[in-house]
Amino acid sequence: MLFRSGVTYLSVLEKGIPNDAYYPITSNDKAICLKLKKDNQRYLKFLEGKADTGFQQTLKFEEKQQVHMFSTDYHQLEDINQDDVEAVKQVKTKFVQLRNEPSWFKDWTACNLWTAAFFFHYTPENEKSASTSEHLISFLSNPSAAYAPIVGKANSLSIEHNFFHWALEFPDVFEQGGFDVMLGNPPWESVQLEEKQYFENKIPEISRLKGNERKEAIKKLKGTELYAEFINDKHAIESQVSFIRGSLRFEKTASSKINTYQCFTELLYQLINERGRGGIIIPLGIVTEESTNELFIDAISKNRLHSIVGFENEEFLFKNVANVVKFCLLTFFGN
């Protein structure tokens, strides 16, 4: 995975899972997706107070209280003077203990239930293990009463796809409103599976075919281990695109063809605190392309744009990139 999906702020949990999580991508059963989407939509309306649908359970998730509790534990790690091997071992032991705390594990699982909905294989065989907003809120209200297959599948998908939940990984940072400094040179990759490139080293003959001919050749692989691997990889990539577009985490940059540099830029823009600064090396398209102009306009209107320094790769500073490609050094002020 080029980009690690997951929950940024824990407050999204009490709002439920976005309906776009149930979009029928590759290998998903359309009828099951539609059914789950309708069920989820009913519960979201209930959470928003827009409909009396017979549901009973709601909750108020105290994000600040949760983050403060985890932050206090993390400060204990920072207080350990790591001048010798024993001290380093002590930090490792303490870290493992923190990750096994029931409260941390509960929130980690809840974040996985939320994120896993975008990565789930919606098939008749798996339907009963799918998470919805009702399952998520029910788990947060009473974890011991949760349906074990749903929880187990969500945590399994978290490990498989390497979910990353920022507020749980950096509670001390989130307690102070974000990072003081963020610097990055993120990957600039289109988030999509290119069939030509995928089969280049697997079956070169398929890679050399064009358009429909290539698709027909791929279909003939059905029943083979390679085809199953291809479908699984395609589902994973499309799930990530679905997450980026539907999770509402990237509302200012996810309007068109997804590229990882757009996501990393908006992430940096979100996560620096009001006194913070953020700097990133990315293609100049971040300020010239229509798909990202909402972020650029927002930065200008809120006086958060610190500087833009544009340049071309004439000196081949980036050796594997053509010298006609334009880049920029983009820096932001905090919120």
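These exercises walk through the helix contacts, the sheet and the largest pocket of a predicted model.

**Exercise 1. Helix 4 and helix 6**

Task: Decide how helix 4 is oriented against helix 6, and find which residues make the contact.

Solution:
- Locate the two helices. Helix 4 covers residues 102–119 and helix 6 covers residues 148–161.
- Take the geometry. Their axes come within 8 Å and cross at roughly 80°.
- Classify the angle. Values from 65 to 115 degrees count as roughly perpendicular, so helix 4 is roughly perpendicular to helix 6.
- List the contact. Helix 4 brings F105, W108, T109, N112, L113, A116 and F119. Helix 6 brings I150, V151, A154, N155, L157, S158 and H161.
- Sort by class. The contact has nine nonpolar and five polar residues, and no charged ones.

**Exercise 2. Helix 4 and helix 12**

Task: Work out the orientation of helix 4 against helix 12.

Solution:
- Find the partner. Helix 12 spans residues 225–246.
- Take the geometry. The two helices pack at about 120°, and their axes are 7 Å apart.
- Classify the angle. That makes helix 4 oblique to helix 12.
- Name the residues. W114, T115, F118 and F119 of helix 4 meet H235, A236, S239, Q240, S242, F243 and G246 of helix 12.
- Sort by class. Five are nonpolar, six are polar and none is charged.

**Exercise 3. The sheet**

Task: Give the strand order of the open sheet, name its edge strands, and say which strands helix 13 touches.

Solution:
- Set the order. The four strands run 1-2-4-3, with mixed pairing.
- Pick the edges. Strand 1 (179–184) and strand 3 (305–312) each pair on one side only.
- Check the turn. Neighbouring strands are turned by 5° against each other on average, direction ignored.
- Look at one pair. Strand 3 and strand 4 (residues 326–333) run antiparallel and are joined by seven bridges. V309 has L329 in strand 4 as its bridge partner.
- Add the helix. Helix 13 packs on the sheet and touches strand 1, strand 2 (272–283) and strand 4. The direction of helix 13 makes about 165° with that of strand 2.

**Exercise 4. The largest pocket**

Task: Describe the largest pocket by its volume and its lining.

Solution:
- Start with volume. The largest pocket has about 640 Å³.
- Count the lining. There are 26 lining residues, and the closest to the centre are V12, K15, W114, S247 and L248.
- Assign elements. Helix 1 (30–47) and helix 13 (260–271) give two or more residues each. Helix 13 gives the most, with three.
- Sort by class. The lining has eleven nonpolar, seven polar and eight charged residues.

Note on methods: Residues are numbered from 1 along each chain as its sequence is written. This is a predicted model: local features need pLDDT of at least 70, side-chain atom pairs count only at pLDDT 80 or more; totals for chains, interfaces and linings use all residues. Side-chain values use heavy atoms; hydrogens and water are left out. On a 1 Å grid over the protein atoms alone, a cavity is a set of points where a 1.4 Å probe fits but cannot get out, and a pocket is an open set with protein on both sides within 12 Å along at least five of seven lines; lining residues have an atom within 4 Å of a point. Grid points are joined across faces, edges and corners, and a volume is the space filled by probe spheres set on the points. Ala, Val, Leu, Ile, Met, Phe, Trp, Tyr, Cys and Pro count as nonpolar, Asp, Glu, Lys and Arg as charged, and the others, Gly among them, as polar. Axes are lines fitted to C-alpha atoms, for helices over the stretch in contact, and angles run from 0 to 180 degrees between N-to-C directions. Angles under 35 degrees count as roughly parallel, over 145 as roughly antiparallel, 65 to 115 as roughly perpendicular and the rest as oblique. Contact means heavy atoms within 4.5 Å. Two strands pair if DSSP finds at least two bridges between them.
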